[in-house]
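Me: I am new to this structure and would be grateful for a close look at one part of it, the surroundings of the ligand. Please place that part within the fold as well.

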Amino acid sequence: MDKLDLGIIGVGHLGSIHAKLAAHSEKINLVGVFDLDRERAETVARDCQVPSFQELQQLLRKSRAVSIVVPTSEHHSVAMQALESGCHIFLEKPIASSVEQARSIVDQARQKGLKIQVGHIERFNPAMLAVRNYPLKPMFIEAHRLCRFNPRGCDVSVVLDLMIHDLDLILYMVKSPVTHVDACGVAVVSREEDIANVRLKFAGGCVANITSSRIALNPMRRMRLFQQNQYIALDFMDKKAEIFKLADDATARHPSGLHMPVSRIGVGDSARDIIYEKPSPPEVNSLQMELEEFARAVQLDLQPEVPGEQGLMALETAADILDQIARPE
Ligand code: NAD
């Protein structure tokens, strides 16, 4: 596979990491960077030994695809210019600051036959990758994403900044439409919600309870999935997955001892063994992997791992949650 000619637009906190990873990737040819802050662009370009372009159009002309890492409020305008110039786009999450803007980006890409990948990076978290091929059919999900206060990202609600990660993961796993939203949120430190909770119900019967906070003392990024005969615990911070399964006679079915029961649950004849599995998470850099998967999708004409339509779906759900927080019943 040839290297993808990729430009980076916006080289602030996250974009500079995109640029460094792209500069060292075997699947990407970093053609250059562009940032409205010229000094910033030049520093990153010098570090990566690539050109810094003075005009966005110059970078777009040289690139087959671009990674857009500007503030969310700028996603729509930059993405539309890139698509207009015929570039495939990797667009940081959330896809846009409004559902209308996100729809117009997705429609424009479809009309032009160009690919979009949205930066829902937790899809590439080793904890998630560890259960990628596992039959996930959750009926109840409990998610906690808590971090300490940091003014960066506070221009938008915690729903768009943090909860959107869990919304994307849950929509991806549950694969069923949301039928009911029950949300609350409070702005404690900033102007937008700093802490929020939502209970989502899905057509297939699954219920998800999601709590997100950016004013926590103790950071946590966990998701617990309950499905028939199984409990799956994902820890995105420690990058590990654990599976607890019920079995009637575990030892007999696994004489190797690899799946020795750790305990028993229930009483009398209905008691069953609990088997513990800890799938090995791959050792990957999630951001590098998502950029290289995007490069592969463009070069081999495949559907990106997180296509624009899925970024739009996560944003639509986030918008429903924000509507309900603004207008409680
Ligand atoms: P940042 O403020 O550190 O950097 C943004 C950069 O974009 C700045 O250098 C700014 O000068 C530049 N910029 C602004 N408008 C521009 C324009 N129109 N054209 C070119 N450059 C422009 O922000 P950040 O923290 O790096 O966040 C950038 C994006 O990444 C946001 O959408 C944010 O939501 C997303 N993000 C995603 C994750 C994740 O987990 N995937 C984490 C952090 C940030």
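Reply: The description begins with one polar side chain beside the ligand, that of His165, which has a polar atom 3.5 Å from an oxygen atom of the ligand. The model is a predicted one, and every distance given here is computed from it.

Two further polar contacts may be set beside that of His165. In Asp35, a side-chain N or O atom is 2.6 Å from an oxygen atom of the ligand. Leu14 takes part through its backbone instead: one of its backbone N or O atoms is found 2.8 Å from a ligand oxygen atom. The ligand by itself would expose 850 Å², and 78% of this area is buried by the protein.

The shell as a whole comes next. The ligand is surrounded by 23 residues, of which His13, Leu14, Asp35, His75 and Lys93 are the closest. By character, the shell consists of 10 nonpolar, seven polar and six charged residues. Two helices, H1 (residues 13-23) and H4 (residues 72-84), each contribute at least two residues to the shell. The largest contribution is that of H4, which provides four residues.

Lys93, one of the closest residues to the ligand, also leads to a feature of the backbone. The peptide bond that joins Lys93 to Pro94 is cis, and its omega is near -10°. Pro94 itself belongs to the loop that links strand E4 with helix H5 (99-112).

Strand E4, which spans residues 88-92, pairs with E5 in the parallel sense through four bridges. Within this pairing, Glu92 has Gly119 of E5 as its bridge partner. Both strands belong to an open sheet of five strands, arranged in the order E2-E1-E3-E4-E5 and paired in parallel. At the edges of the sheet are E2 (28-34) and E5 (116-119), each of which pairs on one side only. On average, neighbouring strands of this sheet are turned by 20° against each other, with direction ignored.

A helix also lies across this sheet. Helix H9, formed by residues 286-299, crosses E1 (4-9), E2, E3 (65-68), E4 and E5, and it runs at about 155° to E4.

One further point of backbone geometry concerns Asn229. This residue is not a glycine, yet its phi is positive, at about 65°. Asn229 is located in the loop between strands E10 (220-227) and E11 (230-235).

Technical notes:
Residues are numbered from 1 along each chain as its sequence is written. This is a predicted model: local features need pLDDT of at least 70, side-chain atom pairs count only at pLDDT 80 or more; totals for chains, interfaces and linings use all residues. Side-chain values use heavy atoms; hydrogens and water are left out. A residue is near a molecule or strand if one of its heavy atoms lies within 4 Å of it. A polar contact is a pair of N or O atoms within 3.5 Å; within protein, one must be able to donate a hydrogen and the other to accept it, and residues adjacent in sequence count only if both atoms are side-chain atoms. Accessible areas come from the Shrake-Rupley method with a 1.4 Å probe; for residues, only the protein chains shown count as cover. Ala, Val, Leu, Ile, Met, Phe, Trp, Tyr, Cys and Pro count as nonpolar, Asp, Glu, Lys and Arg as charged, and the others, Gly among them, as polar. Two strands pair if DSSP finds at least two bridges between them. Axes are lines fitted to C-alpha atoms, for helices over the stretch in contact, and angles run from 0 to 180 degrees between N-to-C directions. Contact means heavy atoms within 4.5 Å.
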